[in-house]
Amino acid sequence: MSESHTRELSFIPDWPPGPLDSHRKQSAFDWKQLKLVLEDINSLRLKYKVWKLLESEPLFAKSKTTPSVDEQKKIAAQQMMLIAKLDIVPPEVYAMGYLPRYRFLMSVNEALHAICPSLSVKIAVGVGLFQNALRAMGTEQHSWFYNAAWSREIVTCLAITEVAHGSNTKRIRTTATYDPQNQEFIINTPDFEAAKCWIGNLGKTATTAIVFANLFTPDGQGHGLHGFLVPIRNPLTLQTYPGVLVGDMGEKIGLNAIDNGFVMFTQYRIPRENLLNRTGGVTPEGDYVSVFSEPSKILGAALEGFSAGRLGIMQEATNTLAHSVVIAVRYAAIRKQFGPDKNGPEQPIIEYQLHQWRIFPYLAAACVLKTSVYSLTDLYLKIIEKSQANSNGIDLLSQSVGEIHALVSASKPMYTWTARDAIQEAREACGGHGYLKAANLGELRNNHDACLTYEGDNNVLGQQASNWLLRQWTEGVQSPLGTVNFIKRREEILKSTFNQLIQRFEVTSWQFINHCLEWLMCWLMRSIVEDVSLAKQKGACSFEAKNNTQVYKARDLAFIYSEFYAISSFRLRCLKSDVAASVKPVLEQIHRIYGFWVIDRHMVAFYQGSFASGASFAETIRSNLLSSCQTLKSDAVTVADSLAPPDYVLNSVIAKSDGLLYQNLQNEFMTNPGALERATWWREVLPFQKSKL
């Protein structure tokens, strides 16, 4: 590495010497150079600053035992207040443009999530999403709430989901009826099924909520879902206001430091000004007014601001995925079992083909998804920035909202499912030691699990994405972002077969992988359209016909769309001029492993659509996947190093950067609270008479 690059990356500490050095020396590239390809240097610098700062704070010390649920909530609330005082986000950040400002805030959230997932969710929900909603749907008259949320003068939350309705927001039943005599809205919950629930921060601490309710004017006419600023508790005493019944939902699988709550309103009155009225408002006399001809579409565009929340989840999922494979790779490099000679030396389990096949595709996926989530976030933020800078911004946003929504809706499930599967595979690949709480894989798994259903259930989001894709197939391509421009070449693509493709490209080339994925998407879209048409001819309604194509086709279509975008983004990142020459060979290996792995997982569809026949296609893909994993073996630890945060953040006794696996386990065993003490309860459980003792 050049002297200038060494100075530039001096904020990233070197790894300590140890048993992993023998693996690290096998690589022809510097791990920090690869880190610069996978992450933005400004984001990295900020993350390391946050991590170093919080490592010295007692409130962020890692606990060897799990505190009670109530204690976890207390600690998270204290941490949230401390973060506001530590000046992690200085005032000058708010003088930045929209894109760099949000990049800064997202990087802080990533850094916090890596240390304390519950805390990052509390802040993301109570500050980030709340402010996004105000910016998207509110006006200048709501600025006090915006600033108060940031200063923690109020603790905020978003109340959308109801007990009986989550994904189907059109059936939400909470009402807000305008009373012109008092110039107030009356918020009401008709029954328990309409109670708002799963609201982060609400259970114990939130003082103000943005409540989504159906607006009714005095004439009884409904005007659809709108957002309202609703006081919940007195900020000084946390006493709930009359007409508000609020409570905590209880212990969860994970993320128990977040106080998820429920709330019901009984004829609860709020001022008229508390309506978020950017898209539509009510006059003092009770008339509904809107400057837009189709308020429902405008609300949809405004609500697209919540895609930022899904992008945040994808960033967090990518880091969770990265942490799990770092643990698995470092463990595999040190853990030795068996060998060619049963009486000879044992070899590290990373040498075994089966082990490489289990974890290296997830190692490659972590690299690919890190670059693609950055690309997708950049795309999204530029669209929002452009819409906010223009007087007709919501109309501009509406033009791109369908495609960006489809892409985010397809990608959030793919990212979070990939992370889920990686954590489980890593846990099993680390054997019994991976089951220790101190290994951190169980914590990663439990805290990640909520990502599969919050901010949109994964399967429902996938249906939304596939619906948009099918419209592009049948109605003509409307792709201002260019993610499905290949549909214009659909006849050419669908005529391709495996044999024709290998005559044009090398199997290991990016063109081969991309064309395979394009073919698969085209075939799935054509096949779904034909299946729906046939079902309708047989008497099925549109609803039934569409639903009966989900399991093997529409679901796969959304998944492959997100994988195609991810691998395309990764390829574009690898081609940029700032990529060091020494890093390019390993990037090509990562691209091949991820590409072959994706194709392998969709193998049945390639045969079903007659892209391939006989054994050669499957054998070619799988043999190349295995050989690419074998080639990556010598670089695997260095690639993992490029994904790894400091040990304090990774927090895994079996994957410390020093590679001292067994010494670290010994220390963990011996210092575990109560490990060497006699049980205090032993007299109560032994079967013989206590009088004989």
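User: I'm new to this structure. Which residues does Glu316 touch, not counting residues up to four places away in sequence?

Analyst: One thing up front: this is a predicted model. In it, Glu316 touches Asn109, His113, Ser120 and Tyr454. Glu316 itself is part of helix H10, residues 307-334.

User: How do I read a charged residue like that? Is Glu316 buried or exposed?

Analyst: Start with the general idea. Side chains of opposite charge can pair when their charged atoms come close. Now the case here: Glu316 is buried yet has no salt bridge. The nearest side chain of opposite charge belongs to Lys412, and that is 9.9 Å away. A salt bridge needs the nitrogen and oxygen within 4 Å.

User: OK, so how many salt bridges does the model have?

Analyst: The count comes to 28. Let's walk through a few. Asp191 and Arg173 meet through their side chains, 2.7 Å from N to O. Asp191 sits in the loop between strands S3 (184-188) and S4 (196-199), and Arg173 in the loop between strands S1 (156-159) and S2 (175-179), so this pair ties together parts that are 18 residues apart in sequence.

User: How exposed are Asp191 and Arg173?

Analyst: Asp191 is partly exposed, because its relative accessible area is 29%. Arg173 counts as partly exposed too, at 32% relative accessibility.

User: Which residue forms a salt bridge with Asp641?

Analyst: That's Arg330, with the closest N and O atoms 3.0 Å apart. The pair links distant parts of the chain: Asp641 is in helix H23 (residues 636-643) and Arg330 is in helix H10, 311 residues apart.

User: Why do Asp641 and Arg330 count as buried?

Analyst: Buried means under 20% relative accessible area. Asp641 has 0% relative accessibility, so it counts as buried. Arg330 makes the cut as well, because its value is 1%.

User: Where are the partners Asp531 and Lys553?

Analyst: Asp531 lies in helix H17 (residues 510-537) and Lys553 in helix H19 (residues 550-574), 22 residues apart. Their side chains meet in a salt bridge at 2.7 Å, N to O. Asp531 counts as partly exposed at 29% relative accessibility, while Lys553 counts as buried at 12%. Salt bridges can also share partners: Asp21, Arg24, Arg330, Asp641 and Asp647 are joined that way into one network.

User: Let's move on to the nonpolar core. Which residues touch the most other members of the largest one?

Analyst: The way to read a core is to look for buried nonpolar residues joined through their side chains. The largest one here has 169 residues, and Leu363 and Tyr594 touch the most other members. Helix H11 (residues 353-389) gives the most to this core, with 16 residues. Apart from it lies another core, of 24 residues, including Ile187, Ala209, Val230 and Val244.

User: What is Leu363 in contact with, leaving aside its neighbours within four places in sequence?

Analyst: Its contacts are Val325, Val329, Leu632, Ala636, Val639, Ala640 and Leu643.

User: Last topic, pockets. How many residues line the second largest pocket, and which lie nearest its centre?

Analyst: With a pocket, look at its volume and then its lining. This one has a volume of about 1400 Å³. The lining has 50 residues, and Lys62, Ser63, Lys437, Glu443 and Asn651 lie nearest the centre. Among the elements giving two or more residues to the lining are helix H5 (69-85), helix H6 (98-115), helix H7 (117-137) and H10. That H10 is the helix where we began, with Glu316.

Conventions
Residues are numbered from 1 along each chain as its sequence is written. This is a predicted model: local features need pLDDT of at least 70, side-chain atom pairs count only at pLDDT 80 or more; totals for chains, interfaces and linings use all residues. Side-chain values use heavy atoms; hydrogens and water are left out. Helices (H or I, at least four residues) and strands (E, at least two) are DSSP runs, numbered from the N terminus. Buried means under 20% relative accessible area, exposed over 50%, partly exposed in between (1.4 Å probe, protein chains only). Lys and Arg count as positive and Asp and Glu as negative; His and the chain ends are not counted. Contact means heavy atoms within 4.5 Å. A nonpolar core is a set of buried Ala, Val, Leu, Ile, Met, Phe, Trp, Tyr and Cys residues joined through side-chain atoms within 4.5 Å. On a 1 Å grid over the protein atoms alone, a cavity is a set of points where a 1.4 Å probe fits but cannot get out, and a pocket is an open set with protein on both sides within 12 Å along at least five of seven lines; lining residues have an atom within 4 Å of a point. Grid points are joined across faces, edges and corners, and a volume is the space filled by probe spheres set on the points.
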